[in-house]
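Reader: I'd like to go through the side-chain packing in this one. Can you walk me through it?

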Amino acid sequence: MGPVPGPVPGSDGPTANAPGAPLPGAAWPPPGGTPHTGAAWPPGAAWPPAGTPAPDNRTWPTAAPGTHTTPGTHTAPGTPGTPPRAGIAGLPFGQQIVAALALALIAVAAGTHLAIVFLHVAPSNTLTKQHSEAIDDWVYPEFEQNWKLFAPNPLQQNVAVQVRAQLRDKGGDTFVTGWYDLSALDGEAIDGNLLPSHTQQNELRRAWDFFSNSHDNENRATGLRGALSERYVRRIAVMRLERLRAERPDERDGTIERIQMRSVTTNVAPPPWSGESADRKPTFRQLPWWLVDEDDKPLDAAGDPRAGDGRTEAGSR
């Protein structure tokens with residue numbers, strides 16, 4: 001049983017249900033006792049005085065489990081209990097362990113990714129030389145970092161990436177489409193758009209930079225990333241073509257068998273006050289025809305991956 005209330009403040013006698021209080025109707029003070037100073041009733045009068053409410057024999061609730069109370073204090077009737085715990089603390093113990101493990105794995109994955117990207121952009125050192133292959137495999141091509149914005153002499157050229165395709169119709173005849181300016185289409189999507197997507201701004205541009213930096217002027221791979229860059233830019237071009245021909249059916253229907261890409265580079269005119277001059281004649285870089293396999297095409301409606309291996313026309317001979 002919990003604690004019971006003491007005398008009512010301002011009262012001159014004991015509370016009716018306090019320990020040792022006289023029974024209702026008994027004389028107060030008890031025989032032989034001394035009346036309390038300032039008592040509001042005459043000695044020997046019945047307790048409680050006439051007209052007072054009946055004794056309150058209810059038991060007041062104690063504090064809620066898990067809470068602490070100061071000795072001598074009481075929890076008043078109607079006091080709300082402790083609110084339920086929120087977040088992970090409110091879950092059962094087993095689920096708390098699962099949630100804690102999930103958060104730990106996320107933290108480890110995020111920390112590992114940041115560490116690898118840091119090593120990628122950091123100056124060459126013993127650690128980056130020893131693990132350069134693993135770092136490049138993780139960073140390229142999705143997480144590549146580009147610092148040209150902070151270069152002393154930023155890029156001063158406009159590079160337009162274009163593509164055309166050879167298709168085969170249902171009758172078995174082949175035909176070649178005109179050149180599609182993929183960079184111009186990205187520019188149209190960005191122009192006037194306050195929040196352009198990352199793919200519209202950087203996907204095609206960075207893919208072409210990746211290919212150009214991994215090949216020489218004869219379009220031959222100069223390193224281990226050459227095949228990866230070729231496969232990456234080819235898949236982007238095929239995806240854009242499939243989407244474009246679905247939106248603008250201005251060509252005969254057919255299946256893409258080969259694609260060819262080229263870039264058109266034009267120097268940006270310098271400002272008049274610089275006193276510099278630049279050749280404004282565009283230069284072209286045209287790649288060989290690439291055979292398109294199922295691997296290069298977007299996933300089908302069911303999301304099933306395609307089998308096959310993309311290769312260039314020269315490599316298939």
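Author: Let's start with a term: contact means heavy atoms within 4.5 Å. This is a predicted model, where local features need pLDDT of at least 70, side-chain atom pairs count only at pLDDT 80 or more, and totals for chains, interfaces and linings use all residues. Residues are numbered from 1 along each chain as its sequence is written, and side-chain values use heavy atoms, with hydrogens and water left out.

Reader: Leaving aside neighbours within four places in sequence, which tryptophans is M261 in contact with?

Author: With those neighbours set aside, M261 still touches a list of residues that includes V161, V163, V233 and L287. The tryptophans on that list are W179, W208 and W290.

Reader: Which helix or strand gives the most to the largest nonpolar core?

Author: A nonpolar core is a set of buried (under 20% relative accessible area, 1.4 Å probe, protein chains only) Ala, Val, Leu, Ile, Met, Phe, Trp, Tyr and Cys residues joined through side-chain atoms within 4.5 Å. The largest has 23 residues, and M261 and W290 are among those touching the most other members. β3 (157-168), α5 (198-213), α6 (226-247) and β6 (255-267) each supply at least two residues. With 6 residues, the top contributor is α6.

Reader: Which ring does the charged end of R234 sit over?

Author: A charge counts as over a ring if NZ of Lys or CZ of Arg is within 6 Å of the ring centre and within 35 degrees of the ring normal. R225 does this with Y140, 3.9 Å from the ring centre. For R234 the distance is 5.5 Å, and the ring belongs to W290.

How values were computed:
Buried means under 20% relative accessible area, exposed over 50%, partly exposed in between (1.4 Å probe, protein chains only). Helices (H or I, at least four residues) and strands (E, at least two) are DSSP runs, numbered from the N terminus.
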